[in-house]
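Reader: Hi, have you got a minute to go through this model with me? I'd like to start with the inside and then move on to the strands.
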Amino acid sequence: MLQFYQVDAFTDTKFKGNPAAVILLNEWPEDKWLQNIAMELNLSETAFLVSEGEDYMLRWFTPSTEVKLCGHATLSAAHILFKEIDVKKGELSFKTLHSRILKVRDKGESYEMDFPIDLPRPCDPDQFNVLTDQRTSLAFEGREDLLLILKDSEAVKNCTPDIGKMKLTTYRTIIVSAPGENYDFVSRVFAPNCGIDEDPVTGSAHT
């Protein structure tokens with residue numbers, strides 16, 4: 001029998017935000033088993049944890065692949081450790097296969113996550129106009145992600161992605177964003193190459 005937790009991250013309302021599964025293991029099984037569990041749960045991310053002394057090894061799987069970084073599933077894993085497992089410390093350290101150590105601090109009514117910064121490079125925006133039905137004003141490439149800036153928040157809200165053409169790219173996620181009106185910015189994230197056409201909320205897109 002496998003015990004797992006499901007957490008709705010980045011929200012204070014049930015059935016909102018971005019759901020993630022959190023599974024604590026005693027040791028690492030074969031990767032195929034991890035992928036099959038994530039595929040069966042069919043959430044945008046499943047976080048697997050193995051305790052290593054005072055720290056934890058953390059890996060993330062979508063229904064179709066393992067990913068190198070995930071914000072909401074890291075937040076969900078920390079929440080389970082703090083609130084359900086009742087870890088008696090104010091800061092958790094997660095070791096990962098591809099990122100540096102990730103830290104999450106319990107601030108009482110909220111959490112604070114320390115994630116690696118991605119410094120994007122500007123590139124020609126016109127080549128990406130085929131990816132949505134909106135004109136791209138600016139474009140930036142990160143380590144694995146593409147950031148497209150549209151003219152305003154309404155363009156982001158109303159844009160229709162061409163998922164087929166997005167799948168032909170090599171990007172982990174394609175972030176569509178613009179300056180906001182009531183917020184600093186708005187964004188949507190498409191990740192068809194990870195088996196997720198559109199992700200509800202993507203923490204790693206904010207790095």
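Reader: How many cavities of 30 Å³ or more does the structure hold?
Author: Just one. A cavity here is a set of points, on a 1 Å grid over the protein atoms alone, where a 1.4 Å probe fits but cannot get out. Before we go on, this is a predicted model, in which local features need pLDDT of at least 70 and side-chain atom pairs count only at pLDDT 80 or more, while totals for chains, interfaces and linings use all residues. Residues are numbered from 1 along each chain as its sequence is written, and side-chain values use heavy atoms, with hydrogens and water left out.

Reader: Thanks! What volume does the largest cavity have?
Author: About 100 Å³, where a volume is the space filled by probe spheres set on the points, and grid points are joined across faces, edges and corners.

Reader: And which residues are closest to its centre?
Author: Glu45, Arg172, Thr173, Asp199 and Thr202, out of 16 that line the largest cavity. A lining residue has an atom within 4 Å of a point.

Reader: Which elements give two or more residues to that lining?
Author: Those are helix H2 (71-84), strand S13 (185-191) and strand S14 (196-199). The elements are DSSP runs numbered from the N terminus, with helices (H or I) of at least four residues and strands (E) of at least two.

Reader: What's the lining like by class?
Author: Seven residues are nonpolar, six polar and three charged. Ala, Val, Leu, Ile, Met, Phe, Trp, Tyr, Cys and Pro count as nonpolar, Asp, Glu, Lys and Arg as charged, and the others, Gly among them, as polar.

Reader: Let's follow S13. In which sense does S12 pair with S13?
Author: Antiparallel, over six bridges, with S12 covering residues 174-179. Two strands pair if DSSP finds at least two bridges between them. One of the bridges has Pro179 with Phe185 in S13 as its partner, and the two strands form a hairpin with five residues between them.

Reader: How many bridges join S13 to S14?
Author: Two, and these strands run antiparallel. Val189 has Asp199 in S14 as its bridge partner. That Asp199 is also among the residues closest to the centre of the largest cavity. S13 and S14 form a hairpin with four residues between them, and Gly195 in the turn has a positive phi of about 85°.

Reader: Nice. While we're in S13, why does Arg188 count as buried?
Author: Because its relative accessibility is 17%, and buried means under 20% relative accessible area, with exposed over 50% and partly exposed in between (1.4 Å probe, protein chains only).

Reader: What does the Arg188 side chain reach?
Author: The backbone oxygen of Lys157, at 3.2 Å. Leaving out residues up to four places away in sequence, Arg188 touches several others, including Ile174, Ile175, Val176 and Glu198. Contact means heavy atoms within 4.5 Å.

Reader: New topic: is Thr46 buried or exposed?
Author: Thr46 counts as buried, because its relative accessibility is 0%. Thr46 lies in strand S3 (residues 45-52), and among the residues that Thr46 touches, beyond four places away in sequence, are Ala21, Ile23, Trp60 and Phe61.

Reader: And where is Met39 found?
Author: In helix H1 (residues 31-41). Met39 counts as partly exposed, because its relative accessibility is 48%.

Reader: Last one: how many bridges join S7 to S8?
Author: Four, with S7 (residues 102-106) and S8 (residues 111-114) running antiparallel. Val104 has Met113 in S8 as its bridge partner, and in the hairpin, which has four residues between the strands, Gly108 takes a positive phi near 90°.

Key:
On a 1 Å grid over the protein atoms alone, a cavity is a set of points where a 1.4 Å probe fits but cannot get out, and a pocket is an open set with protein on both sides within 12 Å along at least five of seven lines; lining residues have an atom within 4 Å of a point. A polar contact is a pair of N or O atoms within 3.5 Å; within protein, one must be able to donate a hydrogen and the other to accept it, and residues adjacent in sequence count only if both atoms are side-chain atoms.
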